[in-house]
Amino acid sequence: EYDEYLDKKSNDVLHRDFFHSNITLSRNHLIGSNLLINLIKNSVLKLNFLNLLKNILFFYTRNIYYLCLWLIYYIFSKIISFKKINKLKNKLDKIVIIQTYLNKNSFIGDDKISDNYFSDLYSCLEKNNQFYYILPNIDEKMIDISNRLKIIRVLSNTSHSYLNEYDFFSFSDLIKLIKFVLLYPFLVIEHAVRVKSNTRIDQLYKYDLIQTLSKSSFIPYTQLLLGKKLRKIFKNKIVKIISWNENQLIHRNFCRGIQDTNIKIYGCQYFMKYPSCRWMYARENDKKFGVLPNIFLVTGKKYLPETSELKYKIGTSLRYRDVYNTENQAKKLSTVSMIVMLPYEQEQSENLLDFIKNSKYLKMLNINIKIHPDYLHRTQFYQSKINKNWKIIDNKTDLTRYNIIITKASGSMIEFIAKGFSVLVVEDNNNPLALNPLSHEGKNIIWDTIDDPCNFKTSIDKLYENRNKKLDLINNISNQYKKNYFKEFSENELKKDFDL
């Protein structure tokens with residue numbers, strides 16, 4: 001009901017550029033849309049004037065602040081930039097652009113980068129004498145002025161072929177952004193008024209349109225403008241864009257802006273998908289709006305649709321390249337050896353620690369805890385949260401020292417199972433949209449769930465007993481996960497992925 005309904009509403013408004021920044025139509029509950037959760041909970045919600053006024057005021061306050069920040073980044077870029085636009089116009093007839101995420105930890109010195117998304121691709125292109133540009137999405141909060149300015153400085157001044165998006169904007173684009181900020185709330189309200197309240201989903205949809213106003217911004221729209229700029233520059237060139245594509249608003253806007261017959265976009269979806277995250281599954285209906293890549297590359301056959309008008313193929317996920325490495329597979333250990341792996345979502349990480357601290361059994365043990373690598377700067381915070389006999393370990397610690405991993409639902413679970421580890425997943429029963437990518441295959445054998453801290457000993461003993469008595473079955477399940485979710489890495493396969 002949810003997906004089909006939003007397809008119909010998309011048909012009503014997605015011919016207008018501004019609506020490609022709409023959170024409700026994005027289907028993304030992690031950035032503010034509560035339509036799906038309200039449907040599941042059978043919520044009855046109605047709009048009122050004060051609620052509408054509050055969301056409009058929040059929208060303008062937020063976007064005026066962001067516009068001032070954007071202007072700072074824009075002016076700073078213009079002051080220090082080497083004007084790479086002219087270089088783009090005069091370069092080779094065939095161009096490769098890698099669109100990735102970079103943050104403050106991505107730079108080694110002022111020239112080299114450490115890219116978790118496309119690490120080996122760069123060396124592959126260089127070996128084949130293939131020139132490429134890197135067009136990054138800056139993965140820092142808009143309000144983090146210091147880190148954003150540092151990244152912009154590197155992008156603008158380095159000898160490497162980075163493209164700084166601010167270099168392509170002009171004063172006329174600032175006028176367009178101001179126009180977006182001024183008009184967007186009224187366009188959304190106009191659309192909401194036109195929707196008839198015939199059904200419960202109609203009412204919840206209208207409510208969500210207004211509620212998400214306070215969380216909306218012009219930032220996705222900048223990507224549409226950037227795409228249009230690049231499309232003009234590349235008019236007489238053959239262009240391949242290799243893009244980390246999560247089908248989020250920034251990706252959809254960029255695709256809509258840049259799409260042309262001489263440009264081919266490879267949308268790399270090299271991540272585990274969650275059934276509750278509906279935006280991760282591209283809709284055929286969206287093809288006509290030009291917001292999708294020409295082809296999607298996914299990690300394994302599990303994510304190939306049985307039938308689809310969209311093009312898919314299995315790609316080589318560089319983030320999971322060691323899944324087939326025998327040295328990284330779980331080993332047969334003579335005793336239980338556990339590690340707690342904290343997920344990326346920080347709220348979930350803190351909830352996980354609170355959960356395990358309520359276990360009398362785990363309190364008696366020496367537990368090792370590993371923080372997600374993106375949040376090592378919070379080590380001191382986590383150190384203050386754990387028991388004295390627990391230890392936060394180095395991020396380079398060899399996981400094969402352990403055989404049972406305790407974690408919250410996340411994409412990493414599939415990687416652990418594919419490597420042969422037993423996984424105990426702490427469930428969030430209060431969240432029907434929990435991020436769980438697992439099928440039921442191997443449950444109660446190589447992985448299990450737990451929703452009560454009192455059951456840790458029973459659950460852990462059961463998983464360890466399986467490792468002793470059903471190791472062949474565990475290995476078979478692990479190999480099946482490998483085949484379903486991952487493709488073995490080779491440079492030749494990497495070249496085939498992108499027709500290099």
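Which residue in S12 does Met341 stand opposite? In this predicted model, Met341 stands opposite Thr407 in S12. The report begins with the sheet that holds this pair of residues and then turns to a second sheet, a helix pair and the nonpolar cores.

## The sheet around strand S9

Strand S9 comprises residues 338-341, and its side chains alternate in direction: Met338 and Val340 point one way, Ile339 and Met341 point the other way, and all are buried. On one side, S9 pairs with strand S12 (residues 404-408) in the parallel sense, over four bridges. Besides Met341 and Thr407, Val340 and Ile406 of S12 stand opposite each other. S9 also pairs in the parallel sense with strand S10 (residues 368-370), here over three bridges, and Ile339 stands opposite Asn368 in S10.

These strands belong to an open sheet of six strands, with parallel pairing and the order S11-S10-S9-S12-S13-S14. The edges are formed by strand S11 (391-392) and strand S14 (447-450); each has a single partner strand, so one side of each is left without a neighbour in the sheet. Helix H16 (residues 456-469) lies across S9, S12, strand S13 (422-426) and S14, and runs at about 160° to S13.

## The sheet from S4 to S8

Another open sheet of six strands follows the order S4-S1-S5-S6-S7-S8, with parallel pairing. Its edge strands are S4 (132-138) and S8 (312-314); because each has a single partner strand, one side of each is left without a neighbour in the sheet. On average, neighbouring strands of this sheet are turned by 25° against each other, direction ignored.

At the S8 edge, strand S7 (residues 295-298) runs parallel to S8 and is joined to S8 by three bridges. Within this pair of strands, Val298 stands opposite Ile314 in S8. Helix H6 (residues 119-127) packs on the sheet and touches strand S1 (94-102), S4 and strand S5 (238-244); the direction of H6 makes about 160° with that of S1.

## Ile238 in strand S5

Is Ile238 of strand S5 buried or exposed? Ile238 has a relative accessible area of 51% and is therefore exposed, the cut-off being over 50%. Leaving aside neighbours within four places in sequence, Ile238 is in contact with Asp93, Lys94, Ile95 and Asn262. Ile238 and Asn262 are 24 residues apart in sequence, yet their C-alpha atoms are 5.3 Å apart in space.

## Packing of helices H8 and H9

Helix H8 (residues 171-194) packs with helix H9 (residues 200-211) at an angle of about 170°, and their axes are 10 Å apart. H8 is therefore roughly antiparallel to H9, since angles over 145 degrees count as such. H8 contributes Val188, Ile189, His191, Ala192 and Val193 to the contact, and H9 contributes Tyr205, Lys206, Leu209 and Ile210. By class, the contact has seven nonpolar residues, one polar and one charged.

## Nonpolar cores

In soluble globular proteins, nonpolar side chains tend to be buried together. The largest nonpolar core of this model has 134 residues, and those with the most contacts inside it are Trp70, Ile97, Phe118, Leu121, Leu230, Tyr481 and Phe498. Beyond neighbours within four places in sequence, Tyr481 is in contact with Ile414, Ile417, Ala418, Leu438, Ser439, Glu441, Trp447 and Phe486. Another core, of 26 residues, lies apart from the largest one and includes Ile356, Leu362, Ile369 and Phe456.

Definitions and conventions:
Residues are numbered from 1 along each chain as its sequence is written. This is a predicted model: local features need pLDDT of at least 70, side-chain atom pairs count only at pLDDT 80 or more; totals for chains, interfaces and linings use all residues. Side-chain values use heavy atoms; hydrogens and water are left out. Axes are lines fitted to C-alpha atoms, for helices over the stretch in contact, and angles run from 0 to 180 degrees between N-to-C directions. Helices (H or I, at least four residues) and strands (E, at least two) are DSSP runs, numbered from the N terminus. Angles under 35 degrees count as roughly parallel, over 145 as roughly antiparallel, 65 to 115 as roughly perpendicular and the rest as oblique. Contact means heavy atoms within 4.5 Å. Ala, Val, Leu, Ile, Met, Phe, Trp, Tyr, Cys and Pro count as nonpolar, Asp, Glu, Lys and Arg as charged, and the others, Gly among them, as polar. Two strands pair if DSSP finds at least two bridges between them. A nonpolar core is a set of buried Ala, Val, Leu, Ile, Met, Phe, Trp, Tyr and Cys residues joined through side-chain atoms within 4.5 Å. Buried means under 20% relative accessible area, exposed over 50%, partly exposed in between (1.4 Å probe, protein chains only).
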